[in-house]
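Trainee: Hi! Could we go through this model together before I write up my notes?
Mentor: Happy to. Here is what we will be looking at.

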Amino acid sequence: MDREPVFDELWQAQVLAMADAMVAAGTFSAGAWSEALGSALKAAEAAGAEDTSQTYYEAALEALEGLLQGSGDVPAQMLEERREAWRDAYLATPHGEPVELP
Amino acid sequence: MTDYDPAKVAEIHRHLHSHLPSEPALRVKALESLLVEKGLVDPQTIDAWVEAYSEEIGPKRGAAVVAKAWTDDAFKARLLSDGTAAIDELGFVGNATAHLKAVENTDGIHNLVVCTLCSCYPFSLLGVAPNWYKTAAYRSRAVRDPRGVLAEFGVEIADDVEVRVWDSTAELRYLVVPQRPAGTDDLDEAGLAALVTRNAMIGTDRVLSATAPEAS
């Protein structure tokens, strides 16, 4: 049990890394992060999500997006547009080439 | 006659472009690229964090703290009175550790750590929290039925041993100092550290072996 892989996927690590970096930089407090994560976990549980690490990390991502929307740093629409831009970039990039935004 | 189904078309697209990341991965990519542009995160900091926590940090630092406490009574006294200052002596203070309180297991006391709200954890000492620590099942049951939870980890606690459950917060996190196993008098600090398991420092393991597990 001590040797299970730390993360299933890279994005999971990146979520925690971003949250930790922004707590360190004072973008939001450790307490605000913990509250937001706790609420997102509660919401996932209430919605009947499976009690898995995937659910945990998705809740962590929700919490992070929510905090940055609340502070006005990353409005929801900006995030949505950027996600679409990345999706399009992936779809337009042939296999094996680096994916970049236009 | 039309049977255009956008969901189906999207599905076909996903198959054609198999390198399209999963939905959460795309969201993270979007968020990170925006935060970098706004100067709120440094991409090198993120990459370094991911590398360090995926590979290096693990629970080794916590084990070093415990081994030092076993061999140095003065350090142990400082650790138990002010955990943050004590681990600072070893250079292990990270912002994620917040205030650290070390709690010691004895013949009559077993300590168990949980975060009932989310997943607060001293990860600059123990690495990233194990998946079970983050589950709703553990978070809700560790307080209500600690002996039952411990039994599921294969840890039987005698009736005359008091179980103390510590609920972590963003501001205060815990490190369990397990009991030093008997028959380890000839081991040095590094040898002792190799005996300390991550779970013992959370409290879901109690009796440590006097011989280190084989590295796999």
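**Cysteines, chains and contacts**

Mentor: Let me begin with the cysteines: this is a predicted model, and the number of disulfides over all chains comes to zero.

Trainee: OK, so what is the nearest cysteine sulfur to B:Cys115?
Mentor: That would be the sulfur of B:Cys118, 3.9 Å away, and B:Cys115 is in no disulfide.

Trainee: And why is there no bond between B:Cys118 and its closest cysteine?
Mentor: The closest cysteine sulfur to that of B:Cys118 is in B:Cys120, at 3.8 Å, which is too far for a bond. The cut-off for a disulfide is a pair of sulfur atoms within 2.5 Å.

Trainee: Is B:Cys115 buried or exposed?
Mentor: B:Cys115 is buried, with a relative accessible area of 1%. B:Cys118 counts as buried too, at 2% relative accessibility.

Trainee: Switching topic: how many residues of each chain are in contact across the interface?
Mentor: On the chain A side there are 53 residues, and they are in contact with 55 residues of chain B. Between them the two chains bury about 5000 Å², with 64% of that on carbon and sulfur atoms.

Trainee: How many salt bridges are there between chain A and chain B?
Mentor: The count is five. One of the salt bridges in the model pairs B:Glu23 with A:Arg83, where the closest N and O atoms are 3.0 Å apart. As for polar contacts, 13 residue pairs are found across the interface of chain A and chain B, both residues being at pLDDT 80 or more.

Trainee: Which elements of chain A give two or more residues to the side that touches chain B?
Mentor: They are helix H1 (10-25), helix H2 (30-46), helix H3 (53-70) and helix H4 (76-92) of chain A. H1(A) gives the largest share of that side, with 13 residues.

Trainee: What does the secondary structure of chain A come to overall?
Mentor: Four helices and zero strands, so to speak a pattern of α-α-α-α when you read along the sequence. The C-alpha trace of chain A spans about 40 × 40 × 30 Å along its principal axes.

Trainee: How much of chain A is buried?
Mentor: Of its 102 residues, 45% are buried. If you take the contacts in chain A with a separation of 6 or more, 48% of them are between residues 24 or more positions apart.

Trainee: I had A:Gln77 marked. Where is A:Gln77?
Mentor: A:Gln77 is in helix H4 of chain A, and at 58% relative accessibility it counts as exposed. Its C-alpha atom is separated by 26 Å from that of A:Ala30, 47 residues apart along the chain.

Trainee: What about B:Ala86, buried or exposed?
Mentor: B:Ala86 is buried, at a relative accessible area of 1%. You will find B:Ala86 in helix H6 (residues 83-89) of chain B.

Trainee: Which residues does B:Ala86 touch?
Mentor: Leaving out residues up to four places away in sequence, B:Ala86 touches B:Phe75, B:Arg78 and B:Leu79. From B:Ala86 to B:Arg173 the C-alpha distance is 14 Å, and those two are 87 residues apart in sequence.

Trainee: Last one: what does the domain assignment give?
Mentor: For chain A, domain 1 (10-71) and domain 2 (76-102), with C-alpha centres 23 Å apart. For chain B, domain 1 (22-56) and domain 2 (58-202), and there 29 Å separate the centres, taken over C-alpha atoms.

Note on methods
Residues numbered from 1 in each chain as written. Chains lettered and ligands numbered in written order. Predicted model: local features only at pLDDT ≥ 70, side-chain atom pairs only at ≥ 80, totals over all residues. Heavy atoms only, no water. Buried < 20%, exposed > 50% of the residue type's maximum accessible area, 1.4 Å probe, protein only. Domains from an automatic or database assignment. Contact = heavy atoms within 4.5 Å. Buried area = accessible area lost by both parts, 1.4 Å probe. Salt bridge = Lys/Arg side-chain N within 4 Å of Asp/Glu carboxyl O. Polar contact = N/O pair within 3.5 Å; in protein donor to acceptor, adjacent residues only side chain to side chain.
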